[in-house]
Amino acid sequence: MFRVRVLGSGDAFNAGGALHSAYLLEHDGGKILLECGPSTLAGLKRNGVPPDEIDAVLVSHLHGDHFGGVPFLLLDYLFCSYRDRPFVIAGPPSTRARITSLYANLYKEEHFQRMPFELRERAVSPGDSFELAGLRVEAFRVPHEAEPFCLGYRISAGRHSMLFSGDSAWSEEFVHRSQSTDLFLCECCSMKPETDFHTSYDDILANRDKLGCKRLVLTHLGTDVRAAKKLEVERAFDDMVIEFD
Ligand SMILES: [Zn+2]
């Protein structure tokens, strides 16, 4: 079993009232959060997912709409779910430091010193291939303005696999890395090209015939993409469940 639960399909601006980026990946061997925007805890609780069931968080880059929810997850572990097992934070180098700093700015009471569980870091660089909660993760760099960089991920669970774009302009990497995947979750911020670091619906239409995924789902949706009456490509929505047996 491999299940992708879209907790948040929104962009940084919560277009259409959608929650920030967050996807729960579940398989027989564990659960990870792919991205953890500020509203992720709401998404988990809305879907009846106990936050403590999550083994690890994997972020594509260090923009607030992708990692700003981790301090609230830690806060829940400290005061609500009383976690005592290790929690893994995976993402570009400095992810743990950025989270620690963010937490310290949000809450000055030095809770971190009392965290009764281990916070493990897995720094990820382009080209890395590693296991996270039983999932095989391959990281690659994508074109997005982010410090130190933004990563796309190809993630497999047994015979199932998915590709995730992160936040990115269109990249030819998506073409070859999508081959033989079950799902490509691709960001789509606007209908027409607007920036050099996000993908538009026009970019996707121009390239979709080259993709090798069984299912293409657009996410991180901007206002106009969300509002469009009919699209030729499937759109994600909050609480959407995509499951592979
Ligand atoms: Zn974003």
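Let me start with overall size. For 245 residues, a compact globule would have a radius of gyration near 18 Å, and this protein chain comes out at 17 Å, which agrees. Please keep in mind that this is a predicted model. The C-alpha trace spans about 50 × 35 × 35 Å along its principal axes. Of the 245 residues in the chain, 43% are buried. If we take the contacts with a separation of 6 or more, 60% of them are between residues 24 or more positions apart.

Next, secondary structure. The chain has seven helices and 14 strands. I will go through two sheets in turn.

One is an open sheet of seven strands with mixed pairing, and its order is S6-S5-S4-S3-S2-S1-S14. At its edges are strand S6, residues 119–123, and strand S14, residues 241–244, and each of these pairs on one side only. From one strand to the next, the twist averages 20°. Inside this sheet, S3 and S4 are parallel and share three bridges. If you want to find that pairing on the screen, look for Ile32, whose bridge partner in S4 is Ala56.

Helix H4 lies across S5 and S6, and runs at about 115° to S5. H4, residues 95–106, is also among the elements that cover the buried residues of helix H3. So which residues of H3 are buried? In this helix, which takes in residues 70–79, they are Val70, Pro71, Leu73, Leu74 and Tyr77. Viewed down the helix axis, the buried residues of H3 fall within an arc of 160°, so they line one face of the helix. Besides H4, the cover over them includes strands S3, S4 and S5 and helices H1 and H2.

Now the other sheet. This one is also open, with seven strands in the order S7-S8-S9-S10-S11-S12-S13 and mixed pairing. Strand S7, residues 129–132, and strand S13, residues 234–235, stand at the edges with a single partner strand each, so one side of each has no neighbour in the sheet.

As a general reminder, strands of a sheet pair through backbone hydrogen bonds, either parallel or antiparallel. Both senses can be pointed out here. S9 and S10 are antiparallel, with five bridges, and Ser156 has Ser161 in S10 as its bridge partner. S10 and S11 run parallel and are joined by three bridges, with Met162 opposite Leu183 in S11. S11 and S12 also run parallel, through five bridges, and there Cys186 stands opposite Leu218 in S12.

Let me stay with S11, residues 183–187, for a moment. Five of its five residues are buried. In a regular strand, the side chains alternate between the two faces of the sheet. In S11, Leu183, Leu185 and Glu187 are on one side, Phe184 and Cys186 are on the other, and both faces are covered.

Last, the core. The largest nonpolar core has 60 residues, and the ones with the most contacts inside it are Tyr23, Ile32, Val57 and Leu58. Which strand gives the most to this core? That is S9, residues 150–157, with five residues. As for Tyr23, leaving aside residues up to four places away in sequence, it touches Val4, Arg5, Val6, Leu7, Leu34, Glu35 and Leu185. One of those, Leu185, is a buried residue of S11.

That is what I have for today.

Notes: Residues numbered from 1 in each chain as written. Predicted model: local features only at pLDDT ≥ 70, side-chain atom pairs only at ≥ 80, totals over all residues. Core = buried A, V, L, I, M, F, W, Y, C linked by C-beta atoms within 7 Å. Buried ≥ 20, exposed ≤ 12 C-beta atoms within 10 Å, placed from the backbone. Helix = DSSP H or I, 4+ residues; strand = E, 2+ residues; numbered from the N terminus. Contact = placed C-beta atoms within 7 Å. Arc of directions from axis to C-beta. Rg over C-alpha atoms; globule rule 2.2 N^0.38 Å. Pairing = 2+ DSSP bridges. Axes fitted to C-alpha atoms, helices over the stretch in contact; angles between N-to-C directions.
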